[in-house]
Amino acid sequence: KGDIYNGETYDARLESNWSEADFDDTDWFATAVSNDFQGTIRAFEGPAIKAVPALARQPKTITIYEGTKSNGKTYGAINTVSELIGQNNFQLKAGQTAIIDLAQNAAGWVSFTAKGVRGTRLRFRFGEMPNTTGDRNRGDDGPAGSVYTENLRSAEASLYYTLKGAEEGESFHPTTTFMGFRYIEVVSSADVELTNVVGETVTSAMDERSSFKTSHPDVNQLYSNCMWGQRSNFVDVPTDCPQRDERHGWTGDTQVFANVATYNTFAPEFYAKWIADLNLARVNGCYCNIVPDPFAWGEKMIAHFKKYGVDPMTKVLLFSDGLTFDYAQEIADYFQGKAKTSFGIGTFVSNDTCVDPLNIVIKLQYVNGSPVAKLSDSPGKAMCDDPDYLVYLKNSVAFRLERQKDK
């Protein structure tokens with residue numbers, strides 16, 4: 001059994017040849033036939049979701065520990081027995097724990113070959129980072145060096161595998177779940193040998209059509225983080241995270257990242273499939289109409305640009321908040337040839353619960369000790385905690401407008 005949040009449980013002792021043509025299924029229940037379905041059956045749309053061999057992650061280190069030792073902190077630290085570097089096979093005794101560092105966070109699963117006594121049960125847990133000090137006051141949930149899992153919240157994100165005891169060993173990877181992880185924790189009910197341990201990366205496989213490299217390693221790492229973040233969060237839908245008990249296709253998240261995503265990869269099939277999903281949800285009544293009127297606002301902005309001699313076609317009108325996709329298309333058609341348009345569809349489209357959404361906005365007041373102002377034409381939306389800074393901003397804007405008018 002398995003699901004994407006809690007993981008998978010597999011007992012190899014129950015395997016049979018049920019998927020082969022000569023399997024005897026006389027003891028199975030007959031298939032129920034129904035003629036009630038009136039819809040259209042279509043093939044899956046969008047890029048294939050699969051493990052990509054080129055993105056497989058090999059262990060950087062494998063740390064074997066048994067029990068803990070005191071370090072003056074809440075949970076102490078792991079009691080290391082041995083550490084293997086650059087290997088993907090190890091022996092694990094009952095009572096010991098292995099921590100595998102794959103050196104890269106990604107969405108996917110672990111594949112392995114195990115050799116042990118029939119009935120031996122393995123448990124794999126997955127996490128993004130280790131506990132650093134073992135101090136609960138610093139947020140750790142276990143001894144220093146162990147895998148931190150508190151951020152998974154209610155998601156168990158574990159794999160349980162029971163060996164059938166094959167003499168030549170038995171290879172396995174999950175098929176009904178995926179996790180977001182860099183670190184793997186392994187325990188066994190009896191002594192076992194594990195070989196060919198690999199972290200397989202699972203994603204909506206798309207052609208990666210961009211690259212970026214500089215002379216600065218930190219900048220290169222930032223770009224690498226962007227690529228791995230996209231691979232991990234583009235799994236059928238653009239999720240907000242691949243690890244905890246959420247993994248939803250938040251429109252606000254992908255709104256921010258969509259331009260980058262389409263530079264990084266060839267993504268039209270991915271987004272076409274996802275937008276079709278959203279349109280289907282809209283038909284089911286889960287989206288609200290827009291408030292206020294974007295057409296009047298857009299015309300006001302165009303008039304403002306023309307007043308100061310600015311071609312509106314050199315500017316972008318950004319519409320947001322309560323838009324549905326059909327309404328966004330209507331707006332785009334209306335302003336075609338008048339001004340460029342872009343859309344941030346978030347507040348309503350991201351809410352698929354058929355409940356009025358909450359409009360929660362966080363506004364900065366100070367950054368590094370300096371005041372920050374939120375300026376708006378709408379009464380009540382402007383905000384600044386420093387009246388002197390607000391006067392300065394008003395004078396600066398007025399000065400720039402006058403200079404622009406003179407030009």
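Strands here are DSSP runs of at least two residues, numbered from the N terminus. In this predicted model, one such run is strand S2, which spans residues 7–11 and contains Gly7. That residue makes a convenient starting point for a walk through the fold.

Gly7 is buried, since its relative accessible area is 5% and the cut-off for burial is under 20%. Its surroundings come partly from far along the chain: the C-alpha atoms of Gly7 and Leu159 are separated by 5.5 Å, although their positions lie 152 residues apart in the numbering. Leaving aside residues up to four places away in sequence, Gly7 touches Lys1, Gly2, Ala157, Ser158, Thr177 and Met179.

The wider picture gives this residue some context. The protein chain holds six helices and 22 strands. Of its 407 residues, 36% count as buried. Among contacts with a separation of 6 or more, 72% are accounted for by residues 24 or more positions apart. The accessible surface of the chain comes to about 24,400 Å², and carbon and sulfur atoms contribute 51% of that area.

Among the helices, H1 covers residues 217–233. Its 17 residues reach 24 Å from the first C-alpha to the last, which is close to the 24 Å expected at 1.5 Å a residue. The buried residues of H1 are Tyr223, Met227, Trp228, Gln230, Arg231, Ser232 and Asn233. In an α-helix there are 3.6 residues a turn, so residues three or four places apart point the same way. Asn233, also part of H1, counts as buried because its relative accessibility is 15%, below the 20% limit. Apart from residues up to four places away in sequence, Asn233 touches Pro238, Thr239, Asp240, Cys241 and Pro242.

Backbone geometry offers two further points of interest. Most residues other than glycine have a negative phi. Ala103, which is not a glycine, nevertheless has a positive phi of about 70 degrees. This alanine is placed in strand S7, residues 97–116, and with a relative accessibility of 36% it counts as partly exposed. Asp236 is likewise not a glycine and has a positive phi, in this case of about 75 degrees. Rather than in a strand, Asp236 lies in the loop between strand S15 (234–235) and strand S16 (237–238). Its relative accessible area is 24%, so Asp236 is partly exposed.

Charged side chains supply another set of links. Side chains of opposite charge can pair when their charged atoms come close, and the count of salt bridges in the model comes to eleven. Asp236 takes part in one of them: its side chain meets that of Lys273, with an N to O distance of 2.9 Å. This pair links distant parts of the chain, with Lys273 in helix H3 (residues 268–283) and Asp236 in the loop between S15 and S16, 37 residues apart. The two partners fall into separate accessibility classes, because Lys273, at 12% relative accessibility, counts as buried, whereas Asp236, at 24%, counts as partly exposed. Elsewhere, salt bridges that share partners join Arg123, Arg125 and Glu185 into one network.

Strand S7 contributes to a salt bridge as well. Asp101 pairs with Arg182, and their closest N and O atoms are 2.7 Å apart. Here too the pair links distant parts of the chain, as Asp101 lies in strand S7 and Arg182 in strand S13 (residues 179–188), with their positions 81 residues apart. Asp101 counts as buried because its relative accessibility is 8%, while Arg182, with a relative accessible area of 22%, is partly exposed.

A further salt bridge returns to the region where this account began. Asp11, numbered within the span 7–11 of strand S2, forms a salt bridge with Arg13, the closest N and O atoms being 2.8 Å apart. Both partners are partly exposed: Asp11 has a relative accessibility of 22%, and Arg13 has a relative accessible area of 37%.

Definitions and conventions. Residues are numbered from 1 along each chain as its sequence is written. This is a predicted model: local features need pLDDT of at least 70, side-chain atom pairs count only at pLDDT 80 or more; totals for chains, interfaces and linings use all residues. Side-chain values use heavy atoms; hydrogens and water are left out. Helices (H or I, at least four residues) and strands (E, at least two) are DSSP runs, numbered from the N terminus. Buried means under 20% relative accessible area, exposed over 50%, partly exposed in between (1.4 Å probe, protein chains only). Contact means heavy atoms within 4.5 Å. Accessible areas come from the Shrake-Rupley method with a 1.4 Å probe; for residues, only the protein chains shown count as cover. The expected span of a helix is 1.5 Å times one less than its number of residues. A salt bridge is a side-chain nitrogen of Lys or Arg within 4 Å of a carboxyl oxygen of Asp or Glu.
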